[in-house]
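I opened this entry to keep track of what I looked up in one protein chain. The sequence and structure come first, then my notes.

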Amino acid sequence: MGVSDLVASAKARVENLTVDQVAAELESPDVVLVDVREPAELTSEGRIPGSIHAPRGMLEFHADPSSPYHMAPLDPDKRVILYCKSGSRSALAAAALEDMGYRRVSHLDGGIVAWTEAQRPVEGREPVGALT
């Protein structure tokens, strides 16, 4: 089984949300939006306003209340929506959180690429051609 099979399996078992569905859910203060991309991706592509950052490689540690790396906003009883660049890592991440007991988890299918193509707001993006 290859990674594409793993992603397809995850997408078949988790809730896949559209950009409009995520935008509507973000109107609720009870939603936790989690960006699972790597730190460099946030700098180059920005992030969805209000999201917290929990890189995919640390997600399970950040999501486990018994872990010293736990992030308080990650709570198995809250509505958690994950996103990445295009929707593969976030689907895998949503499946992992379901395995950990999170009951109200989903992901943004198409990721931040779909979000920006729909002209939704993004913050923290480095301007094209910016000097570093």
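What follows are my notes on a predicted model, taken topic by topic.

**Entry 1: the nonpolar core.** I began with the general point that in soluble globular proteins, nonpolar side chains tend to be buried together. I then looked up the largest nonpolar core and found 21 residues in it. Those with the most contacts inside this core are Val34, Leu59, Leu74, Val80, Leu82 and Leu97. Next I asked which elements give two or more residues to this core. They are the strands β2 (31-35) and β4 (79-83) and the helices α4 (59-63) and α5 (88-99). The most comes from α5, which gives five residues. I also noted another core, lying apart from this one, with 12 residues. Among them are Ile48, Leu108, Ile112 and Trp115.

**Entry 2: Leu74 and Val32.** I listed the contacts of Leu74, leaving aside its neighbours within four places in sequence. Leu74 is in contact with Val32, Val34, Ile52, Leu59, His62, Ala63, Val80 and Tyr102.

I then turned to Val32, which sits in strand β2. Is Val32 buried or exposed? Its relative accessible area is 8%, and since buried means under 20%, Val32 is buried. Not counting residues up to four places away in sequence, Val32 touches Ile52, Pro73, Leu74, Lys78, Arg79, Val80 and Ile81. I checked Val80 further: along the chain Val32 and Val80 are 48 residues apart, yet their C-alpha atoms are separated by 4.8 Å.

**Entry 3: two helices.** Two packed helices are described by the angle between their axes and the distance between the axes. I looked up both for helix α1 (residues 3-13) and α5. Their axes come within 8 Å and cross at roughly 60°. That angle is why α1 counts as oblique to α5. The crossing of α1 and α5 is left-handed.

Which residues meet there? From α1 I wrote down Leu6, Val7, Ala10, Lys11 and Arg13. From α5 I wrote down Ser88, Ala91, Leu92, Ala95, Glu98 and Asp99. By type, the residues of this contact divide into six nonpolar, one polar and four charged.

**Entry 4: Gln119.** Most residues other than glycine have a negative phi. I noted that Gln119 has a positive phi of about 60°, although it is not a glycine. Where is Gln119 found? Gln119 is in the segment after α6 (111-117). Its relative accessibility is 73%, and because exposed means over 50%, Gln119 counts as exposed.

Methods: Residues numbered from 1 in each chain as written. Predicted model: local features only at pLDDT ≥ 70, side-chain atom pairs only at ≥ 80, totals over all residues. Heavy atoms only, no water. Core = buried A, V, L, I, M, F, W, Y, C linked by side-chain atoms within 4.5 Å. Buried < 20%, exposed > 50% of the residue type's maximum accessible area, 1.4 Å probe, protein only. Helix = DSSP H or I, 4+ residues; strand = E, 2+ residues; numbered from the N terminus. Contact = heavy atoms within 4.5 Å. Axes fitted to C-alpha atoms, helices over the stretch in contact; angles between N-to-C directions. Parallel < 35°, antiparallel > 145°, perpendicular 65-115°, else oblique. Left-handed = near helix turned anticlockwise from the far one by under 90°. Nonpolar A, V, L, I, M, F, W, Y, C, P; charged D, E, K, R; others polar.
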